[in-house]
Amino acid sequence: MDLNTVVEVRDGRRPGPWRPGDGWLGGGTYLFSEPQPHLRRLIDLSRMGWTPLQRLPDGSLEIAATCTITQLSRRARAMDDPAAPLFEQCCRSFLASFKIWNLATVGGNLCNALPAGPMISLSAALDGSCLLIAQDGSTRRVHVADFVTGAGRKVLAEGELLRSVTLPARALASRTAFRQVSLYGLGRSGALVIGCVDPADGSFALTVTAATVRPYRLWFPLPPRARELRAALARAVPDDAWFDDIHGLPAWRRHMAFRLAEEIRRELEEGTPS
């Protein structure tokens, strides 16, 4: 897609005042996939030099917004954390070619805020937090589950930049279970549900994405019974939060989310994949 309204591309390493019509350019796989008539200038982040993934002293994993899906997948294969398989499972949920994997970024997937964004699923399930940088240089942190507020909506202020996502060491040590379903064999996710059990205290977290307009993460101090989980999920997700598009009706998405949630509960309760 030619963005014929864009008249300038600026190197992100050169600071400058934010102007109406500005937009951040990461991998560009979404940006150049459809018209963007509101854009006049792109600020290119590709040469910022941010380390794609790095372990912090406390054992947490920091993922740069410019980290590509290919870089994330390769690094995850070398990780020995119990939650490591979840990275590849979510990467595979893109159902995209290697050409997209080589350009698409973790930050771009979060900032698009699409219900089926698998990087949203991954980072929300592992209790990730976003580091946001404002135009005046001030920073703030927002949990991924709160970063996306609706289909295509997020908490980013005008000119604010998503710098990175940090996954805590405790979440990386969790036992996980993953379920994803689509209407078609190679279709966009209609429901994607992830369960995590914290080995330190036995707490249980369930994250529902793709079926809903934003991520919903439920936490239980102990693994719940089937009835308790179902009731909690029904309370947490309002009726109007089940997503509706050509990839699945709300009633079907709700049904599948509840079904997959119960499968995950049983798998993690038994300790072996079903």
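How many helices and strands are there in the chain? There are nine helices and 14 strands. The legends below refer to a predicted model.

**Figure 1. Overall view of the chain in the predicted model.** The nine helices and 14 strands belong to a chain with a radius of gyration of 19 Å, close to the 19 Å that the globule rule gives for 274 residues, so the chain is as compact as a globular protein of that length. Along the principal axes, the C-alpha atoms fill a box of roughly 55 × 45 × 35 Å. Of the 274 residues, 51% are buried. Contacts between residues at least 6 apart in sequence join residues at least 24 apart in 59% of cases. The exposed area of the chain is about 13200 Å², and 54% of this area is supplied by carbon and sulfur atoms.

**Figure 2. Close-up of the largest pocket, with a space of about 1300 Å³.** The lining consists of 46 residues. Those nearest the centre of the pocket are Tyr30, Leu31, Gly108, Cys111 and Asn112. By class, 21 residues of the lining are nonpolar, 20 are polar and five are charged. At least two lining residues come from each of strand E2 (22-25), helix H4 (106-112) and strand E10 (161-167). Helix H4 gives the most, with five residues.

**Figure 3. Close-up of the loop between H4 and H5, at Ala113.** Ala113 is not a glycine, yet its phi is positive, at about 60 degrees. Is Ala113 buried or exposed? Ala113 counts as buried because its relative accessibility is 0%, and the cut-off for buried is under 20%. Ala113 also takes part in lining the largest cavity, which is shown in the next view.

**Figure 4. Close-up of the largest cavity, with a volume of about 30 Å³.** The count is one cavity of 30 Å³ or more. Its lining includes Ala113, Leu114, Pro115 and Ile120, together with Val148. Further along the sequence, the lining residues are Thr209, Ala210, Thr212, Val213, Arg214 and Pro215. By class, eight of the lining residues are nonpolar, two are polar and one is charged.

**Figure 5. Close-up of helix H5 (residues 118-125) and the residue Asp127 that follows.** Helix H5 is mostly covered, with eight of its eight residues buried. These are Pro118, Met119, Ile120, Ser121, Leu122, Ser123, Ala124 and Ala125. Ile120 is also one of the residues that line the largest cavity. Asp127 lies in the loop between H5 and strand E6 (129-133). The phi of Asp127 is positive, near 55 degrees, in a residue other than glycine. With a relative accessibility of 32%, Asp127 counts as partly exposed, because partly exposed covers the values between under 20% for buried and over 50% for exposed.

**Figure 6. Close-up of Leu229 in helix H8 (residues 226-236).** Leu229 has a relative accessible area of 2% and is therefore buried. Which residues does Leu229 touch, not counting residues up to four places away in sequence? The residues touched are Phe204, Leu206, Phe220, Pro224, Ala261, Glu262 and Arg265. Arg265 is 36 residues from Leu229 along the chain, and the C-alpha atoms of the two are separated by 8.3 Å.

Notes: Residues numbered from 1 in each chain as written. Predicted model: local features only at pLDDT ≥ 70, side-chain atom pairs only at ≥ 80, totals over all residues. Heavy atoms only, no water. 1 Å grid on protein atoms, 1.4 Å probe; cavity = no way out; pocket = protein on both sides within 12 Å on 5 of 7 lines; lining within 4 Å. Points joined across faces, edges and corners; volume = space filled by probe spheres on them. Nonpolar A, V, L, I, M, F, W, Y, C, P; charged D, E, K, R; others polar. Helix = DSSP H or I, 4+ residues; strand = E, 2+ residues; numbered from the N terminus. Rg over C-alpha atoms; globule rule 2.2 N^0.38 Å. Buried < 20%, exposed > 50% of the residue type's maximum accessible area, 1.4 Å probe, protein only. Contact = heavy atoms within 4.5 Å. Areas by Shrake-Rupley, 256 points an atom, 1.4 Å probe, with all protein chains shown as cover.
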